[in-house]
Amino acid sequence: MKNVGFIGCGNMASAMISGIVKSNLYEKTNIIASNTSLEKLEIVKEEYGIKTTSSNKEVAKFADVLFLAVKPNKYETVIKEIKTYVKENVIIISIAPGITMDSIKNTFDRDIKVVRTMPNTPCLIGEGMVAITLDDKMTEEEKNQILSIFKSFGEYVLIDENYMDIVPGISGSSPAYVYMFIEALADGAVKEGLGRDIAYKMAAQAVKGAAGMVLETGKHPGKLKDEVCSPGGTTIEAVYSLEKNNLRYAVMEAVEVCTKKTRNLSK
């Protein structure tokens, strides 16, 4: 697959374009993006050195792999605009919550190859997490080529499409929760007299290191938590306060309402 196209180049698309460019997986001349904002196109062209255009049809004609990086409510309009211009064997990649593979095929009016994904913004620094559902119509070579794209900006998991609506709550949207947690940790330290720059660095590195411990050791998060909590110590006192203030409930409810919102988008 020689050419990759993005219809829409907002924050998520820009993050993925950055990962692809940095990985040298494709030449910059083989990547194109469209957007309604000429200012945004200029920024993307200058920052990543790829082709840009205001024409979605031009992207559709160019791309062998075509990312639909627009809001869910724009999918039907965009697909109807480009469906007669896409290549015969194009692979459509959806990054929108709530939009099913069948609904995309139906709008294209043919059994087009579709990959449904849900990435997150840490793709920008090569630390993304992407859930992927591959189309059964794809060859093994095509599947490997698509997975290599996503591997270029982070990690991925293959899941059944039935579970895709859960992904925004735990992965797609969750960086926002983590940023709030880091901010709250830093605010607590600032309240006690620590400088804000130092507080942000320490809080962010602590979160990064803790996440790395879960991924690298394979230990249950509860076990890792217990290893930090000495009997009668400072950590268990803080954990008690978090439990008393329903931290777990608040996070679980955030995942629940995010999932509910995503499911509503598909109705």
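1. A good place to start is the pairing of strand β5 (residues 91-94) with β6, which is parallel and runs over 4 bridges. Within that pairing, I92 has V114 of β6 as its bridge partner. Between the two strands the chain passes through helix α5 (residues 101-108), and this β-α-β crossover is right-handed. Please keep in mind throughout that this is a predicted model.

2. On its other pairing, β6 is joined by 3 bridges to strand β7 (residues 128-133), and these two strands run antiparallel. Here R116 stands opposite T133 of β7. Helix α5 comes back into view too: α5 lies across β5, β6 and β7, and runs at about 140° to β6.

3. How many residues of strand β6 are buried? For β6 (residues 113-118), the count is 6 of 6, so-called "mostly covered". Both faces take part: K113, V115 and T117 are buried on one side, and V114, R116 and M118 are buried on the other. That split fits a familiar pattern, as side chains in a regular strand alternate between the two faces of the sheet. You may like to note that the buried residues of β6 include K113 and R116 as well as V114 and V115.

4. Zooming out, the strands form an open sheet of 8, in the order β3-β2-β1-β4-β5-β6-β7-β8, with mixed pairing. The edge positions belong to β3 (51-53) and β8 (154-158); each has a single partner strand, so one side of each has no neighbour in the sheet. On average, neighbouring strands are turned by 25° against each other, with direction ignored.

5. Elsewhere in this sheet, strand β1 (residues 4-7) and strand β4 (residues 65-68) run parallel and are joined by 4 bridges. V4 stands opposite V65 in β4. Helix α4 (residues 75-82) packs on the sheet, where α4 touches β1, β4 and β5, and its direction makes about 150° with that of β4.

6. Now the charged pairs: the structure holds 16 salt bridges. One of them joins K87 to D64, with the closest N and O atoms 3.1 Å apart. This pair links distant parts of the chain, 23 residues apart: K87 sits in the loop between α4 and β5, and D64 in the loop between α3 (56-62) and β4. K87 is partly exposed, at a relative accessible area of 26%.

7. Another salt bridge pairs K105 with D135, where the closest N and O atoms are 2.6 Å apart. Here 30 residues separate the partners, with K105 in helix α5 and D135 in the loop between β7 and α6 (140-151). Buried or exposed, what is K105? K105 is buried, with a relative accessible area of 11%, and D135 also counts as buried, at 5% relative accessibility. The pair does not stand alone, as K105, D111, D135 and K137 are linked in a network of salt bridges.

8. The last pair brings us back to β6. K113 forms a salt bridge with E142, and their closest N and O atoms are 2.8 Å apart. The link spans 29 residues, from K113 in strand β6 to E142 in helix α6. K113 has a relative accessible area of 14% and E142 has 11%; since buried means under 20% relative accessible area, both residues count as buried.

Definitions and conventions:
Residues are numbered from 1 along each chain as its sequence is written. This is a predicted model: local features need pLDDT of at least 70, side-chain atom pairs count only at pLDDT 80 or more; totals for chains, interfaces and linings use all residues. Side-chain values use heavy atoms; hydrogens and water are left out. Buried means under 20% relative accessible area, exposed over 50%, partly exposed in between (1.4 Å probe, protein chains only). Two strands pair if DSSP finds at least two bridges between them. A crossover is right-handed if, with the strands pointing away from the viewer, the path from the first strand over the helix to the second runs clockwise. Axes are lines fitted to C-alpha atoms, for helices over the stretch in contact, and angles run from 0 to 180 degrees between N-to-C directions. Contact means heavy atoms within 4.5 Å. A salt bridge is a side-chain nitrogen of Lys or Arg within 4 Å of a carboxyl oxygen of Asp or Glu.
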